[in-house]
Amino acid sequence: PAVVTLIAVLTSLFFLPRKYASGASLLPDAETSPASSLSSLLGQAGLPFDLAAFGGGGSAEIHREILGSYSVCRNVVDGLLLYEAYGLADLGREHPQAAQQEAVARLQADLAVDIDAASGVLRFAVLAPTPSLAKAIAGRLVAELDSFNLAAQREAGNRRASFLSERLGVAERELDRARAAL
């Protein structure tokens, strides 16, 4: 039994492909990225539903879904050209769409996202064939999440400005009517 275990360990060390992990810890700020504005943009991230409607999913849960979404992972795959690292270069030349789907699926499988229930801290780790690639993927995921948050804040600001502009127009018309009545 001990000899078999030793042989299995040595075999795994020398013949199984190595994977390196990199990740980050984030504390999503509910004030600057409210669940309502993020969940309104989940469709853009490739998610078919509104998380806030299903139990009021907080900001960390929404960020978890965004990190693992098809569109974010696709942006990482395309931005870092992961087709070569995943051995999909040949498939990419023949069937680019199939290669993209396979690369995104591999990235999603290599991505683990966890939320600390007590603190709300979101932690993620990603596996890759080299340490530098793992670090690059983790950095790109953070950048994509940041970009998504900025878009969500911009969209919320635009909606707020539109609402206030409309209300101002209504108030001006009511004021004009009141002046005319006097």
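This is a short tutorial dialogue on reading the features of a predicted model.

Student: Where should I begin, and how many helices and strands does the chain have?

Tutor: Begin with the elements, keeping in mind that this is a predicted model. The chain has seven helices and three strands. Followed along the sequence, they come in the order α-β-α-α-α-α-α-β-β-α.

Student: What share of the 182 residues is buried?

Tutor: Buried residues account for 30% of them. As for the outside, the accessible surface of the chain is about 11200 Å², and carbon and sulfur atoms contribute 59% of that. Contacts add to the picture: of those between residues at least 6 apart in sequence, 67% link residues at least 24 apart.

Student: Let's turn to the strands. Which strands pair with strand 3?

Tutor: Strand 1 (residues 20-26) is joined to strand 3 by seven bridges, and the two run antiparallel. One pair to look up is A21, whose bridge partner in strand 3 is L127. Strand 2 (residues 111-115) also pairs with strand 3 in the antiparallel sense, over five bridges. There, V113 has F124 as its bridge partner in strand 3.

Student: What should I look for in the hairpin of strand 2 and strand 3?

Tutor: Look at the six residues between the strands, and at G120, which has a positive phi near 80°. Another positive phi, near 50°, belongs to L81, which follows helix 4.

Student: How do the side chains alternate along strand 3?

Tutor: Sort them by the face they point to. In strand 3 (residues 122-128), L122, F124, V126 and A128 point to one face and are buried. R123, A125 and L127 point to the other face and are not buried.

Student: Now the helices. Which residues of helix 4 are buried, and what do they pack against?

Tutor: The buried residues of helix 4 (70-80) are S71, V72, C73, V76 and V77. They pack against helix 3, helix 6 (96-109) and helix 7 (131-181).

Student: Just before helix 4 I see S69. Is S69 buried or exposed?

Tutor: The cut-off for buried is under 20% relative accessible area. S69 has a relative accessible area of 2%, so S69 is buried. This serine lies in the loop between helix 3 (59-67) and helix 4.

Student: Which backbone oxygen does the side chain of S69 reach?

Tutor: That of I66, at 2.8 Å.

Student: What about salt bridges: how many does the structure hold?

Tutor: The general idea first: side chains of opposite charge can pair when their charged atoms come close. This structure holds six salt bridges. One of them joins E102 and R106, with the closest N and O atoms 3.0 Å apart.

Student: Where do E102 and R106 lie?

Tutor: Here a helix rule helps. An α-helix has 3.6 residues a turn, so residues three or four places apart point the same way. E102 and R106 both lie in helix 6, four residues apart, about one turn of the helix. E102 is partly exposed, at 32% relative accessibility, and R106 is partly exposed too, at 31%.

Student: Which residue forms a salt bridge with R140?

Tutor: E144 does, with 3.5 Å between the closest N and O atoms. Both residues are in helix 7, four residues apart, about one turn of the helix. R140 counts as partly exposed at 28% relative accessibility, whereas E144 is buried at 14%.

Student: And how are R179 and D176 placed in helix 7?

Tutor: They are three residues apart, so about one helical turn separates them. Their side chains meet in a salt bridge, 4.0 Å from N to O. R179 is exposed, with a relative accessible area of 54%, while D176 is partly exposed at 47%.

Student: One last feature: which residues form the nonpolar patch on the surface?

Tutor: L6, L10, F14 and F15 form it, and together they have about 500 Å² of accessible area. Take F15, found in helix 1 (residues 2-15). The cut-off for exposed is over 50%. F15 has 68% relative accessibility, so F15 counts as exposed.

Methods. Residues are numbered from 1 along each chain as its sequence is written. This is a predicted model: local features need pLDDT of at least 70, side-chain atom pairs count only at pLDDT 80 or more; totals for chains, interfaces and linings use all residues. Side-chain values use heavy atoms; hydrogens and water are left out. Buried means under 20% relative accessible area, exposed over 50%, partly exposed in between (1.4 Å probe, protein chains only). A polar contact is a pair of N or O atoms within 3.5 Å; within protein, one must be able to donate a hydrogen and the other to accept it, and residues adjacent in sequence count only if both atoms are side-chain atoms. Contact means heavy atoms within 4.5 Å. Accessible areas come from the Shrake-Rupley method with a 1.4 Å probe; for residues, only the protein chains shown count as cover. Patches are made of residues with over 30% relative accessible area and no salt bridge: like charges are joined within 9 Å, nonpolar side chains (Val, Leu, Ile, Met, Phe, Trp, Tyr) within 5 Å. Two strands pair if DSSP finds at least two bridges between them.
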